[in-house]
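Grab a pencil and have a look at the model below. Then work through the exercises and check yourself against the solutions.

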Amino acid sequence: GYYGDNHFNYWASGLRDYCQLLEWMEPRNVPHGTLLDMGCATGRFVRHAHADFTEVIGCDINRKHVDWIGQHLGTDIKVFQNTSVPSLPLADESVDVVTAFSVFTHIECFDTTWLMELRRVLRIAWLTIHGERTWRDIEPSWPLYPVLTSHPDYAQYRDLPSLPTDRLVFRWHAERSYSANVFYTDRYIRQTWGRILTVRDTFPALPHFQEVVVLQKLD
């Protein structure tokens, strides 16, 4: 469901994101124990992570993705289907690193509830978001652009140099979950998310149309 027939670019995009994570982890001595990738799709990221982490787990709301990983990526990667309800079948403090690429960009209602659930299981969260720079620098070449410009509410905001609210949601009426695009200000991340988990770092993701937010549960 991603990248069409360009399977190499799909594979390479996962390696690119994994290398960025490792570059951040290594100087900080973050344990390579258990990694959970939320919204794992067909293993874009986890297929690289299992080379370094003791245990790799993926979850996705799409059952087809979960089944594909089970059939093609071997038994050393655990995978399960989650729902839009913030609940994970994992023990307390059982995960060293949680990654979520382009997941919180679509969670229209339960972002803080999901963070509370992640706080229960993790040490470090590596999440990508649509931030203030995404809003300010959006270009027609970005995959977000045609989706966003097709939304009827976007026209009233598109010329604004900054986000009009700390959390801006564009919703589509659809039966599937996560039919939304969500933007966050840095203030929202630090004041709202920061109440749940400590904000360790923020910087441009790769590719640069999203931001990485690194959160930590301090002992």
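**Backbone oddities and a patch**

This is a predicted model, where local features need pLDDT of at least 70, side-chain atom pairs count only at pLDDT 80 or more, and totals for chains, interfaces and linings use all residues. Residues are numbered from 1 along each chain as its sequence is written, and side-chain values use heavy atoms, leaving out hydrogens and water.

**Exercise 1.** Find where Ala 41 sits, and decide whether Ala 41 is buried or exposed.

*Solution.* Start with the backbone: phi of Ala 41 is near 55°, a positive value in a residue other than glycine. Next, place Ala 41 in the loop between strand 1 (34-38) and helix 2 (46-49). Helices (H or I, at least four residues) and strands (E, at least two) are DSSP runs, numbered from the N terminus. Finally, Ala 41 counts as buried because its relative accessibility is 6%. Buried means under 20% relative accessible area, exposed over 50%, and partly exposed in between (1.4 Å probe, protein chains only).

**Exercise 2.** Now do the same for Glu 93.

*Solution.* Phi of Glu 93 is near 50°, again positive in a residue other than glycine. Glu 93 belongs to the loop between strand 3 (77-81) and strand 4 (97-100). With a relative accessible area of 64%, Glu 93 is exposed.

**Exercise 3.** Which residues does the cis peptide bond join, and where is Pro 207?

*Solution.* The cis bond joins Leu 206 and Pro 207, with omega about -5°. Pro 207 lies in the loop between strand 8 (198-204) and strand 9 (211-216).

**Exercise 4.** Locate Trp 11 and classify its exposure.

*Solution.* Trp 11 is in helix 1 (residues 7-25). Its relative accessible area is 36%, so Trp 11 is partly exposed.
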